[in-house]
Amino acid sequence: MTESFLEEMRVQLDSRKKDVVELLASEFNAFQATNSNKGRDLVDLASNDFDKQILDVSSALEVKTLNKINAAITRMKNGHYGICAQCGHTIAQDRLKAMPYAVLCVKCKTQRERFIKD
């Protein structure tokens with residue numbers, strides 16, 4: 001992998017990380033702003049509870065993505081970025097461009113998905 005490609009991926013990972021962190025902060029702040037129980041009826045409270053459940057699911061997915069991004073940045077620093085965690089072969093650059101935190105090559109990812117379906 002060339003140094004220019006690694007730099008391109010580093011920039012993409014940093015950008016995605018910033019976006020996810022900003023989204024998490026925004027969701028938290030929006031929820032905090034609407035989560036006052038004073039003067040609310042049962043419908044408002046139920047709606048807030050539903051909103052909190054949706055936020056929890058959304059936030060969990062975003063935190064999972066953030067963890068994947070951080071792991072990819074660590075692999076980059078350790079010289080293991082772009083190496084399939086299962087077979088040890090190089091992950092295609094097109095795959096990394098589409099999913100810069102990928103840990104499996106297309107072949108291993110396909111095999112894993114088939115195994116899970118069966």
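How much accessible surface does the protein chain have, and what share of it belongs to carbon and sulfur atoms? The accessible surface comes to about 8300 Å². Carbon and sulfur atoms hold 57% of that. Keep in mind that this is a predicted model.

Let's start with the fold. The protein chain has four helices and zero strands. Walk along the sequence and you read α-α-α-α. The protein chain has 118 residues, and 26% of them are buried.

Now the contacts. Take the contacts in the protein chain with a separation of 6 or more. Of these, 59% join residues 24 or more positions apart.

On to the core. In soluble globular proteins, nonpolar side chains tend to be buried together. Here, the largest nonpolar core has 20 residues. Which members touch the most other members? They are M9, L13, I69, Y81, C84 and L96. Helix α1, residues 3-34, supplies at least two residues of this core, and so does α2, residues 42-78. The largest share comes from α1, with six residues.

Look at Y81 for a moment. Leave out residues up to four places away in sequence. What does Y81 touch then? The list runs M1, L6, M9, L13, A72, R75, M76, L96 and P100. Three of those names, M9, L13 and L96, stand beside Y81 among the core residues that touch the most other members.

Next, the cysteines. How many disulfides does the structure hold? Zero. Take C105 and C108. The sulfur of C105 has its closest cysteine sulfur in C108, at 3.6 Å. A disulfide needs the two sulfur atoms within 2.5 Å. So the C105 sulfur is too far from that of C108 for a bond. Seen from the other side, C108 is in no disulfide either, and its nearest cysteine sulfur is that of C105. Are these two cysteines buried or exposed? C105 counts as buried, at 11% relative accessibility. C108 is buried too, with a relative accessible area of 4%. The cut-off for buried is under 20%.

Last topic, the charged pairs. The count comes to three salt bridges. I'll take them in sequence order.

E7 pairs with R10. Their closest N and O atoms are 2.6 Å apart. Both residues lie in helix α1, three residues apart, which is about one turn of the helix. E7 is partly exposed, with a relative accessible area of 38%. R10 is partly exposed as well, at 28%.

K18 pairs with E22. The distance is 3.4 Å, N to O. These two also lie in helix α1, four residues apart, again about one turn. K18 counts as exposed, at 52% relative accessibility, because the cut-off for exposed is over 50%. E22 is partly exposed, at 43%.

K109 pairs with E113. Here the closest N and O atoms are 3.9 Å apart. The limit for a salt bridge is 4 Å, so this pair counts. Both residues lie in helix α4, residues 106-117, four residues apart. E113 is partly exposed at 39% relative accessibility. K109 is partly exposed at 33%.

To recap. The protein chain has four helices and zero strands. The largest nonpolar core draws its largest share from α1. There are three salt bridges and zero disulfides.

Note on methods. Residues numbered from 1 in each chain as written. Predicted model: local features only at pLDDT ≥ 70, side-chain atom pairs only at ≥ 80, totals over all residues. Heavy atoms only, no water. Buried < 20%, exposed > 50% of the residue type's maximum accessible area, 1.4 Å probe, protein only. Contact = heavy atoms within 4.5 Å. Areas by Shrake-Rupley, 256 points an atom, 1.4 Å probe, with all protein chains shown as cover. Core = buried A, V, L, I, M, F, W, Y, C linked by side-chain atoms within 4.5 Å. Salt bridge = Lys/Arg side-chain N within 4 Å of Asp/Glu carboxyl O.
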